[in-house]
Amino acid sequence: MLDYKTPIDEINKCRYCGENSEQKFKSKAHLVPEFAGKINLLCLNECDSCNNLFSEYERNLKNFGSFKNSFLPIKGKNGFPKYKDYEFSFRSEFKDEKTLIASIFDKKDFIKIEPNGFKQKSAPTPFIPLYVYKALAKMGVSMLHPNELSKFETLINWIQKKDLIIETDLPLTLVLNKKGKPLIKPMAILLKKKAKVNSPEFSFIFVWGFYRFQIFLPYNPNDKDLVNNDVTLPISYDLVLKSGENGISFNHFDMSSIIKIKTLEEISFGLK
Ligand SMILES: [Zn+2]
């Protein structure tokens, strides 16, 4: 992924809506959202209005993981992440790679001291599950080889219509592991199946800080025959499932929902 280049035939021609007027390509569209860590891979085939829409999806993805990842010095567009919690009234920010400064702006207890360490609670900005899913699906589409694009017309149309829910027989699965070794730089991988197995053709993996996401690209006509059979969803062991000492935990959200979800999160630190 480090050598990503916009396919030459697609420069200033939008992969999503077909826009091809040069003046509509003024904003810098990134292959991987900048909050996940700065790697300058630009998509020159994403027009300004599509970029605008996709930024909204990306904001939801960011909200989804912002609290836990605020404990990592991930350098994005505007330096280190700033995190603000309005419910427990605190903000935190990295001063440099090793110094995290947290401060309260109200008189609430956001840190609980325990015998072996402390716990911090937060109620991050709510997120819309469908948008989180669309952010990931869009990243997958942006990495597709141009030869694969024609069959994904329905998928692209679904990504472009903000609130269009999903109608596919494939399970809308987002595998999420929050316990892996964190990465300061993001990783995005698009996998295509080679063997004749009863699994979706394309899978997309995204690693951001503590989070490892894996989805299967929906609306692929080549996956039609899979329906009603025993579909196997191959989850990447090395990149997604392999976890720290604490074992694996799975969260379950209805990823097709357009209702904002508010979570309460907690992180514990041991003192040595
Ligand atoms: Zn466009």
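Is Asp9 buried or exposed? Select Asp9 in this predicted model and display the C-beta atoms around it. Asp9 is exposed, because 8 other C-beta atoms lie within 10 Å, and a residue counts as exposed at 12 or fewer. Asp9 belongs to the segment that precedes α1. Now add Pro146 to the selection. The two residues are 137 residues apart in sequence, yet their C-alpha atoms are 9.1 Å apart in space.

**The whole chain**

Next, colour the protein chain by secondary structure. Four helices and ten strands make up its secondary structure. Followed along the sequence, these elements appear in the order α-β-β-β-β-β-α-α-β-β-β-β-α-β. Of the 272 residues in the chain, 31% count as buried. Among contacts with a separation of 6 or more, 69% are between residues 24 or more positions apart.

**Helices α1 and α2**

Select helix α1, residues 48-69, together with α2, residues 129-142. Their axes come within 8 Å and cross at roughly 115°, which means that α1 is roughly perpendicular to α2. This crossing of α1 and α2 is left-handed.

Which residues of α1 and α2 meet? To see them, show the side chains of both helices at the crossing. From α1, the participants are Phe54, Glu56, Tyr57, Glu58, Asn60, Leu61 and Phe64. From α2, they are Tyr131, Val132, Lys134, Ala135 and Lys138. Sorted by class, the residues of this contact of α1 with α2 comprise seven nonpolar, one polar and four charged.

**Helices α2 and α3**

Keep α2 in view and add helix α3, residues 153-160. The axes of α2 and α3 come within 10 Å and cross at roughly 140°. This angle makes α2 oblique to α3, and the crossing is left-handed. On the α2 side, the contact is made by Lys134, Ala137, Lys138 and Val141; on the α3 side, it is made by Leu155, Ile156 and Ile159. By class, the contact of α2 with α3 consists of five nonpolar, no polar and two charged residues.

Highlight Lys134 and Lys138 of α2 at this point. Both meet α1, and both take part in the contact with α3.

**The buried side of α3**

Which residues of α3 are buried? Select Leu155, Ile156 and Ile159, the buried residues of this helix. Looking down the axis of α3, one finds that they cover an arc of only 100°, so they are on the same side of α3. The general rule is that an α-helix has 3.6 residues a turn, so residues three or four places apart point the same way. The cover over the buried residues of α3 includes α2.

**Strand β7 and Lys192**

Finally, move to strand β7, residues 183-192, and select Lys192, which is part of this strand. Why is Lys192 classed as exposed? It has 11 other C-beta atoms within 10 Å, and the class of exposed residues extends to 12 or fewer. Leaving aside residues up to four places away in sequence, Lys192 touches Glu201 and Phe202. Add Ser203 to the selection: Lys192 and Ser203 are eleven residues apart along the chain, and their C-alpha atoms are separated by 6.6 Å.

Conventions: Residues numbered from 1 in each chain as written. Predicted model: local features only at pLDDT ≥ 70, side-chain atom pairs only at ≥ 80, totals over all residues. Buried ≥ 20, exposed ≤ 12 C-beta atoms within 10 Å, placed from the backbone. Helix = DSSP H or I, 4+ residues; strand = E, 2+ residues; numbered from the N terminus. Arc of directions from axis to C-beta. Contact = placed C-beta atoms within 7 Å. Axes fitted to C-alpha atoms, helices over the stretch in contact; angles between N-to-C directions. Parallel < 35°, antiparallel > 145°, perpendicular 65-115°, else oblique. Left-handed = near helix turned anticlockwise from the far one by under 90°. Nonpolar A, V, L, I, M, F, W, Y, C, P; charged D, E, K, R; others polar.
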